[in-house]
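Let's take a walk through this structure together. Keep the 3D view open and follow the residues as they come up.

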Amino acid sequence: MASTISIHVGGTGIRLGQRLWDVIFADHGVSASGSVTGQSVGSGSGFLAKTGTRFVPRAIVADSDTDAIGALSSWSHRSLLKPDNIVFGSASCANNFATGYLHRTSLRDDVLTRVNATVASVSDDNPTFLLTHSLAGGTGGGLTAALVQELRSQHPGSTIVCCGVLRDKSLSSIAVAPYNEVFALDKIHQFADLVVVLDNAALTASVTAKFGQVASNYTGHNQLAARALGLLTSANRLPVRESLGFRQLARTLTPFTDLKLVGLAMGTWGSSASSDLVAGLQTGHNRISGIRVSGNKLLSPMFITSKRRKLSATEFRSDSRLRIPSWYPPAVPVVETRSTDASSLLVENNTGVHHRLTALVTEFDRMFKRKAFLHYYKGKGLSELMMAQARKNVFDLAKGFKDAG
Amino acid sequence: MAGAIITIGIGGTGVAVAAKFLRTLATDLAPSQTHGGGFFERANDGKTLFPRAVFADTDPVAGLKQYRALTASTRPLAHHPDRFVIGTENAARCFSRAYKGVVDTRIPVILDRVRKVSDRATKVDGFIIVHSLCGGTGSGLAAKLTEQLATEYPKAVRVSAALLPSYNADASPLDTINAALGLHKLVPKIDLCLLADNDALSKLKGRAGYTKMNRAFGRALTNFALPIQEGQTTLAAVANHTRSVTTAPFLVVSRSDPKPQIAAKAQVLRVLEGKDAFASYGSSTWSRPPLSSMLVYRGSYKLKDSESAGKELSKHALAGSSSALSFIISRPEGGVGRAMHAFTAHAGIGPMLDARVRQPYELLLDHDAFTHQAVADGISPATLNAAHASLQTWIQSYAALSA
């Protein structure tokens, strides 16, 4: 399988990345010292690099300041990160997309240097880049956008998968977040092969349903999102049969050009019937990307599940609750993995994502019409025309999803 | 002396099936065949058998795994290490990536290895290309390579043994496009196409894993090759026989129930009724006799049985304008055991291709779903439409035959 290089950008991206690695380490039995206990790590080699007897993550963390990186020091597996692969700047982006996108070029180039050094160390022609980041932050949105754009031009044959977190309005106090989200989504969607949307608002609902309260540092959110991403990547790391490379994953999930946003739904599974699983995945708080079920079409589904029961692709295909359109081929991809997580994951390219995008554009317009906070972005070199173009692109994306299928 | 028949296994499934096919065929090789038959050559020591085979996979990791499995456990065969060509990046289940060379398929290297094999024979009678039509490598590389082989070895018979898309858990929506484009590019360049699919195979083998399904297909290919290896017929004769009744080169593989207590006559009926077909098409389509069939069965049935089987065959298979070839393999027990295999051209192949490939493909074309990926890799929209037209032509040719 193709090697995967993970890049975790900004505070959210780093915290989510840390949790994701916890899942990967647990799956492959990698201890805090990098030794492997239990089963072979072999199939995880796409994510882990072997140095001597240790297995270390093929990961790069990057932030414009040192807050989130400093917080990593309490992480049990912190010593496995290559010191060189921890890249940080001296000033935060202050929640401004334009700062991260246009004014952190030396930081961006530092990250790219580390990425290219890692690329040189793997044998693949075209390794995959897996990014975790927030969309609302200045670094998570802006620096990620700059990175993805540069990665695309430097590695045209590679697959770029971005896992972007949308904020929860009720928990986040950043007024300009809608601007950042629109600008970041526009650029990242343009250059990435697949954008996995994680909605903190939906995650809040799931975490509240589970624990009754949410932690202020989003620990529950990140843990839940990381479990979902762990299952998503397990199709690449731990398949029962054939490994599903990220390129195949991206192509299977994007039936239409320029509709590259996918959502996740994670459910556990009581009985053995696939209908039971489908019911679970339809339930509100399992839909961690905030995609509504009713009235929408599932343009392309993929099920990822730890191998517990025999599953029939045709059962899923004929399940009318999933709302798979009639033109979809008879085969629904079901990947069985050996993940330690017993949950099942539905990765979906769903027209329902347009609700979330439309809401975002509405929030954007509310401020944009009054030119509120625009001077922050203009002052950092983002013209009003560029902003209007980004807004139009995201609006068109919403429309594209709404009209698809 | 008969020329060489070169087996080419392409992609994960193709390599596994081809390896199984050659291994069982080797156990069936009579020791008297000192030259090793068309499929093998003997080393100078007179014992070691080398298959006349080339294997190729684009996926470096899976390819290496397959290579190790192949070289570790293929006795009585010895594999020449450089006859396995491994690429550097997998085709990610995209016909277009392998066919258009977006990934390095190393076709010049594969052709070089084929030349090395063919240089050691007086002439090349044919190729048996084993592959799946679901995978990117299996469909794309097989099609591209067959085109090259057709140019370089125009007189050789080219037989494809192909798996059609299945609806099992590992299926992908991309399979539909791979199969349609793969067949479109492949079929004009081949003389025979033996069809199977994993849905039917897994039903036959009781929802078994890939190993067993690949083995079942490999064994069927062994029985297909046996009459040729035994010198009872030639690959060209088998191809001509089928092509005399249908314009499309498809044959469905089916197998008798291997239980020895079933008499040969009943076995023939079962096979001809398509009860144990390796490709799923409705039993109703079997109510009509096959257009042509090649039956291979073992001489372990009593002579009386064989006679009545022959009679049954002429009664059923020869009904109307159809025809049958049948071969009895004289040595009773071998690698394949007692199973009887039939390779049948049947009007039911039309509806099967229609349901399994054409209809899903047409829906994708109509909605422009997934097609942009092939276009981005360099497949023209005209080719996408031409693939549909090809399918329609074959399906109509079967409809005309059954009318």
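Over all chains, this predicted model holds zero disulfides. A disulfide is a covalent bond between the sulfur atoms of two cysteines. How far is the sulfur of B:Cys134 from the closest cysteine sulfur? The distance is 12 Å, to the sulfur in B:Cys193, and that is too far for a bond. The cut-off for a disulfide is 2.5 Å between the sulfurs. Looking from the other end, B:Cys193 is in no disulfide either, with the sulfur of B:Cys134 as its nearest cysteine sulfur.

Are these cysteines buried or exposed? Here they are in a table, along with a leucine that we'll visit later.

| Residue | Relative accessibility | Status |
|---|---|---|
| B:Cys134 | 9% | buried |
| B:Cys193 | 0% | buried |
| B:Leu195 | 0% | buried |

Now stay in chain B and find strand β1, residues 4–10. How many of its residues are buried? Seven of the seven are, so the strand is largely enclosed by the rest of the structure. You can check this face by face: B:Ala4, B:Ile6, B:Ile8 and B:Ile10 sit on one side, B:Ile5, B:Thr7 and B:Gly9 sit on the other, and all of them are buried.

So who pairs with this strand? Strands of a sheet pair through backbone hydrogen bonds, either parallel or antiparallel. One partner of β1(B) is strand β6 of chain B (residues 124–132), joined in the parallel sense over six bridges. In that pairing, B:Thr7 has B:Ile128 as its bridge partner. Strand β4 of chain B (residues 53–57) also pairs with β1(B) in the parallel sense, over four bridges. There, B:Ile8 is matched with B:Val54.

Time for that leucine. B:Leu195 belongs to strand β8 of chain B, residues 192–197. Leaving out residues up to four places away in sequence, B:Leu195 touches a set of residues that includes B:Ala162, B:Leu164, B:Phe250, B:Val252, B:Ala279 and B:Met352. How far apart are B:Leu195 and B:Ser280? In sequence they are 85 residues apart, while their C-alpha atoms are 10.0 Å apart in space.

Over to chain A, where an open sheet of 10 strands runs in the order β5-β4-β1-β6-β7-β8-β9-β12-β10-β11, with mixed pairing. Which strands stand at the edges? They are β5 (86–88) and β11 (334–337), and each has a single partner strand, so one side of each is left without a neighbour in the sheet. On average, neighbouring strands of this sheet are turned by 20 degrees against each other, direction ignored.

Within the sheet, β8 (residues 194–199) and β9 (residues 261–267) of chain A pair in the parallel sense over two bridges. A:Val196 stands opposite A:Val262 there.

Helices lie across these strands too. Helix α1 of chain A (residues 10–28) crosses β1, β4, β6, β7 and β8 of chain A, running at about 135 degrees to β1(A). Helix α7 of chain A (residues 200–211) lies across β7 and β8 of chain A, at about 50 degrees to β8(A).

Last stop: the second largest pocket, with about 700 Å³ of space. It is lined by 33 residues, and those closest to its centre are A:Gly11, A:Thr12, A:Arg15, A:Asn95 and A:Ile174. Which element gives the largest share of the lining? That is α1(A), with four residues.

Definitions and conventions:
Residues are numbered from 1 along each chain as its sequence is written. Chains are lettered from A and ligands numbered from 1 in the order in which they are written. This is a predicted model: local features need pLDDT of at least 70, side-chain atom pairs count only at pLDDT 80 or more; totals for chains, interfaces and linings use all residues. Side-chain values use heavy atoms; hydrogens and water are left out. Buried means under 20% relative accessible area, exposed over 50%, partly exposed in between (1.4 Å probe, protein chains only). Two strands pair if DSSP finds at least two bridges between them. Contact means heavy atoms within 4.5 Å. Axes are lines fitted to C-alpha atoms, for helices over the stretch in contact, and angles run from 0 to 180 degrees between N-to-C directions. On a 1 Å grid over the protein atoms alone, a cavity is a set of points where a 1.4 Å probe fits but cannot get out, and a pocket is an open set with protein on both sides within 12 Å along at least five of seven lines; lining residues have an atom within 4 Å of a point. Grid points are joined across faces, edges and corners, and a volume is the space filled by probe spheres set on the points.
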